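Visitor: I would like a guided look at this model, please, with the cut-offs spelled out.

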Amino acid sequence: MAVKFMTAAEAVKLVTSNSTIATGGFVGNAVPEELEIAIENRFVETGEPKNLTLVYAAGQGDGKTRGLNHFGHEGLLKRVIGGHWGLVPKVQKLALDNKIEAYNFPQGCISHLFRDIAANKPGTITRVGLKTFVDPRLQGGKLNEVTKEDMVELIELRGKEYLMYKAFPIDFAFIRGTYADENGNVTMEKEAGSLEVLSIAQACKNSGGKVIVQVEKVVKAGTLDPKLVKIPGIYVDTIVQVADMKNHMQTFAEDFNASYTGSVKVPVNSMKPMELDDRKVIARRAAMELIPNAIVNLGIGMPEGVARVANEEGIGLQDLGIPVFHDDQHGTAVAVTAALQSAAKVVSKDFTDLKVTILGAGAAGIATAKMLLGIECDSETCTKQSSSDMQVADVILVDSKGIISTDRDDLNSHKSVIARYSNVDGLTGSAEDALRGRDVVIGVSGPNTISPEMVKSMADNAIVFAMANPTPEIMPDVAREAGAAVVATGRSDFANQINNVLVFPGIFRAVIDGRLDRITLEDKQAAVKALADMVTNPGPENIIPDPFTPGLAETVAKAILQNRQSAS
């Protein structure tokens, strides 16, 4: 059945009384606000739909009027099964006044329940919640006197007690994405998290229900990058292109912040110190409990202050013996360096002689520059390794204002480190100047920032890594026509995909197996060598292992631990 395109007001008319509706979102992230406003308006104007069952995992609202607070009308709701009630005071009041049946189940159990409904299972079986208020021997998760039905069952498997959160059909799903094409395929590249939207869609479709998706814009079929599609069109019945972008903000506080999607990273030293109040005193006291070799899970709320205070006082988790690894930074750096070692062999150039230009001075660009230059930093200082076969001859880093050099007085601390150790000829100028005569260009910037003329100006047998997603800095065929001998991207539909997933499973396998208290530059270099060595016969379209190569993670982990052992 073809996907239908409607306004929010038209779409909510599909919702019938006595139905079960599941919604996606987390606070203000990925909340289909326009759909929820529309269903509230319909009920206020017509009294329909009535007696809905609302199911959601994470809290969705601003604690006042937005999000699921639009459902907070007597008669609109019959029952609510939620993982978090703190952000929906209007719905809370209905529960406290015994106007609705109300359940509070663990958020993770509801997320799993969506998947189990999608898989046509009888429910979610878990030990989570045993002997707590969701245990049917206690309250069964019921929040008031009118809530009678047992939605959680105590069962026994192999001599152990479990809880089964019972499955039920979902008639309608309200979820949200960024773009939808004419076939109903939905991406979420502007959302801070994709959450359980796919599971909700699958659960609804398996129940014979209708999936309604709010998006920023509808685009032509075939124009979306397939790997960015989070909800395939086969699960979608109706697309609603939002009429008012105020109802499609990235969060309830900001229209759009690129750092929330991971496309850019905000330097930690740019964060303002916390105000000295009760929360800061508590957070600092908690931060004093951080000890070497601890495993720390910092959640939202008060724990956020622990990280901020630690940052203010220069306490790095890695310095405390807590391994820290950021995939988009260190993972990118390792994967790029491994691919570059193989590419150098293809073009018959010595890796240590390569002159590299990096376009993009965000987290990934800086981390890659440090990797190629052999720079390692702790909380206070940065040092450069003595010359080794893991370092290139020179790196030029380029940000939005041009080539980074010691002559510039507008550099933050991270760029200043690179300036001290890079750009040996002291070049200044634009990206065009930075590519002239260079062996390699690594793009971690944005679409279409490398022209054919720029590639033509590079050294013979140039290597081009154009890694912006979904649109590279230059398309592979264009780069080859301009003279590039080896081309790689971050996309899976082109040869030589440089993917972070090649890196972090193996590194964390080594951390766990070796009980490592920090991840060092030498560990990352061992991972580089292991990945490069897995490509026994590199060619123009074969410079990096496939992510599904058997034993990949184990090979990387083994290389790191063997390197540690030989160093000791």
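What follows is a short set of questions and answers on sheets, loops and a surface patch.

Guide: Happy to help! This is a predicted model, in which local features need pLDDT of at least 70 and side-chain atom pairs count only at pLDDT 80 or more, while totals for chains, interfaces and linings use all residues. Residues are numbered from 1 along each chain as its sequence is written, and side-chain values use heavy atoms, leaving out hydrogens and water.

Visitor: In what order do the strands of the open six-stranded sheet run?
Guide: Strands here are DSSP runs of E with at least two residues, and helices are runs of H or I with at least four, numbered from the N terminus. Two strands pair if DSSP finds at least two bridges between them. The pairing in this sheet is mixed, and the order is 20-19-16-21-22-23.

Visitor: What angle does helix 9 make with strand 22?
Guide: Helix 9 (residues 327-346) packs on that sheet, touching strand 16, strand 21, strand 22 and strand 23; contact means heavy atoms within 4.5 Å. Axes are lines fitted to C-alpha atoms, for helices over the stretch in contact, and angles between N-to-C directions run from 0 to 180 degrees. Between helix 9 and strand 22, the angle is about 155°.

Visitor: Why is one side of strand 6 and of strand 7 left without a neighbour in the sheet?
Guide: They belong to an open sheet of three strands with antiparallel pairing and the order 6-8-7. Strand 6 (123-126) and strand 7 (152-157) stand at the edges, so one side of each is free of a sheet neighbour because each has a single partner strand.

Visitor: Which residue in strand 8 stands opposite Thr126?
Guide: Strand 6 and strand 8 (residues 160-166) run antiparallel, joined by four bridges. Opposite Thr126, in strand 8, stands Leu163.

Visitor: Is Gly177 buried or exposed?
Guide: Gly177 sits in the loop between strand 9 (172-176) and strand 10 (179-181). Buried means under 20% relative accessible area, exposed over 50%, and partly exposed in between, with a 1.4 Å probe and protein chains only. Gly177 has 0% relative accessibility, so it counts as buried.

Visitor: How far apart in space are Gly193 and Tyr260, C-alpha to C-alpha?
Guide: Gly193 lies in the loop between strand 11 (186-187) and helix 5 (197-206). Along the sequence, 67 residues separate Gly193 from Tyr260, and in space the distance is 8.3 Å.
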